[in-house]
Amino acid sequence: GWLAAGDDAGEVLVYDLRARKLLRRIEGCHSNICAAVRFRPGHKWELISGGLDSRVVHSNFNRIRTLHSFTLPKPPSNATPGQIVNPRFVYSLDCDPSGTFAVAGL
């Protein structure tokens, strides 16, 4: 089995639990803290990560390659005085059972 984790440097780490060692280190996914990582169901070497840089990144961790990335848009600048807008930080991720769709919790 594998375990994926994000770190404060924005890297994604994949550990091989049987061998008890680091399998892959993916650098450059995020420019800030990587707060969420999720393996993509049905796609052996793929995972999705989200961070405090407002990015969601779809990666192949066998080839250490970004497949897709998406930066969440900034909120509209026409907010009324006193209105608070939450930052676009990605704190959680999930996928449907087929791995076709992904959702990000902000």
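Started with charge today: I count 13 positive and 9 negative side chains in the protein. The centres of the two sets sit 5 Å apart. Note to self: this is a predicted model.

Next, the fold. I looked for helices and got 0, against 9 strands. Reading from the N terminus, I just wrote down β-β-β-β-β-β-β-β-β.

Then I checked the dimensions. The C-alpha trace spans about 55 × 30 × 20 Å along its principal axes.

How much of the protein is buried? I get 33% of the 106 residues. For the surface, I have about 6700 Å² exposed, with carbon and sulfur atoms supplying 53% of that.

I also went through the contacts. Taking those between residues at least 6 apart in sequence, I find that 35% join residues at least 24 apart.

Last stop, pockets. The largest one comes out at a volume of about 210 Å³. Which residues lie closest to its centre? From a lining of 15 residues, I noted Ile48, Val56, His58, Phe101 and Ala102. I then asked which strands supply at least two residues each to that lining. My list has strand S6 (55-60), strand S7 (65-71), strand S8 (92-95) and strand S9 (102-105). Val56 and His58 fall within the 55-60 range of S6, and Ala102 is where the 102-105 range of S9 begins.

Conventions: Residues are numbered from 1 along each chain as its sequence is written. This is a predicted model: local features need pLDDT of at least 70, side-chain atom pairs count only at pLDDT 80 or more; totals for chains, interfaces and linings use all residues. Side-chain values use heavy atoms; hydrogens and water are left out. Helices (H or I, at least four residues) and strands (E, at least two) are DSSP runs, numbered from the N terminus. Buried means under 20% relative accessible area, exposed over 50%, partly exposed in between (1.4 Å probe, protein chains only). Contact means heavy atoms within 4.5 Å. Accessible areas come from the Shrake-Rupley method with a 1.4 Å probe; for residues, only the protein chains shown count as cover. Lys and Arg count as positive and Asp and Glu as negative; His and the chain ends are not counted. The place of a charge is taken as NZ of Lys, CZ of Arg, CG of Asp or CD of Glu. On a 1 Å grid over the protein atoms alone, a cavity is a set of points where a 1.4 Å probe fits but cannot get out, and a pocket is an open set with protein on both sides within 12 Å along at least five of seven lines; lining residues have an atom within 4 Å of a point. Grid points are joined across faces, edges and corners, and a volume is the space filled by probe spheres set on the points.
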